[in-house]
Amino acid sequence: MMQKIIEVKIDKNTTDQELEEISESLKKEGVEFNYKNVKRNDNNEIIGINVNYKDSDGNTGNYALSSENPINAIRFFKEENGSIGFKS
């Protein structure tokens, strides 16, 4: 049986609409996923963001980035075995 793995990626080119779509899709999976303090440079690349989650098991996490340079990709994951979190 395949393990169900949820993984989403946010990078410097992720749009506000895509962030909203990520939040909505994770909500359907039982994960409250929020983002705030999205800052962009003149090229509309994300240079700062604060993301957090809370799942139906009560697990929570937060990841914040702020820089003069575009962010590196952030990945959020939740595996069937209960592992959940961010990785960059």
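Below are some short exercises on this predicted model, each with a worked solution.

Residues are numbered from 1 along each chain as its sequence is written. Because the model is predicted, local features need pLDDT of at least 70 and side-chain atom pairs count only at pLDDT 80 or more, while totals for chains, interfaces and linings use all residues; side-chain values use heavy atoms, with hydrogens and water left out.

**Exercise 1. Find the two faces of helix 1, and say what covers the buried one.**

Step 1. Start with the extent of the helix. Helices (H or I, at least four residues) and strands (E, at least two) are DSSP runs, numbered from the N terminus. Helix 1 has 13 residues and spans 19 Å from its first C-alpha to its last, close to the 18 Å expected at 1.5 Å a residue. That expected span is 1.5 Å times one less than the number of residues.

Step 2. Now sort by accessibility. Buried means under 20% relative accessible area, exposed over 50%, and partly exposed in between (1.4 Å probe, protein chains only). In helix 1 the buried residues are Leu19, Ile22, Ser23 and Leu26. Seen down the helix axis, they fall within an arc of 95°, so they line one face of the helix. The arc is taken from the directions from the helix axis to the C-beta atoms.

Step 3. Look at the other side, where Gln17 and Lys28 are exposed. Gln17 has a relative accessibility of 58%, and Lys28 has 74%.

Step 4. Finally, find the cover. Strand 1, strand 2, strand 3 and strand 5 are among the elements that cover the buried residues of helix 1.

**Exercise 2. What does the side chain of Ser23 reach?**

Step 1. Place the residue: Ser23 belongs to helix 1, residues 16-28. Ser23 is buried, at a relative accessible area of 9%.

Step 2. List its contacts, where contact means heavy atoms within 4.5 Å. Apart from neighbours within four places in sequence, Ser23 is in contact with Phe33 and Tyr35.

Step 3. Look at the polar atoms. The Ser23 side chain reaches the backbone oxygen of Phe33 at 2.7 Å.

**Exercise 3. Which strand gives the most to the largest nonpolar core?**

Step 1. Fix the term. A nonpolar core is a set of buried Ala, Val, Leu, Ile, Met, Phe, Trp, Tyr and Cys residues joined through side-chain atoms within 4.5 Å.

Step 2. Pick out its members. The largest nonpolar core has 17 residues, and those with the most contacts inside it are Ile10, Leu26, Phe33, Ile49, Tyr53, Phe76 and Phe86.

Step 3. Trace where they come from. Strand 1 (5-10), helix 1, strand 2 (31-40), strand 3, strand 5 (74-79) and strand 6 (84-87) each supply at least two residues of this core. Strand 3 gives the most, with four residues.

Step 4. Follow one member. Leaving aside neighbours within four places in sequence, Leu26 is in contact with Ile6, Val8, Val31, Phe33 and Phe76.

**Exercise 4. Follow the pairing from strand 1 through strand 5 to strand 6.**

Step 1. Describe strand 1: Ile6, Val8 and Ile10 make up its covered face, and Ile5, Glu7 and Lys9 its uncovered one.

Step 2. Count bridges, remembering that two strands pair if DSSP finds at least two bridges between them. Strand 1 and strand 5 run antiparallel and are joined by six bridges. Glu7 has Phe77 of strand 5 as its bridge partner.

Step 3. Move on to strand 6. Strand 5 and strand 6 also run antiparallel, with four bridges joining them. Here Phe77 stands opposite Gly85.

Step 4. Close the hairpin of strand 5 and strand 6: four residues lie between the strands, and Gly82 takes a positive phi near 100°.

**Exercise 5. Which residues, though not glycines, have a positive phi? Find two.**

Step 1. Check strand 2, where Asn37 is placed. Asn37 is not a glycine, yet its phi is positive, about 55°. At 48% relative accessibility, Asn37 counts as partly exposed.

Step 2. Check the loop between strand 2 and strand 3, where Asn44 lies. Asn44 is not a glycine either, and its phi is positive at about 65°.

Step 3. Set a glycine beside them: Gly30, which follows helix 1, has a positive phi near 85°.

Conventions. A polar contact is a pair of N or O atoms within 3.5 Å; within protein, one must be able to donate a hydrogen and the other to accept it, and residues adjacent in sequence count only if both atoms are side-chain atoms.
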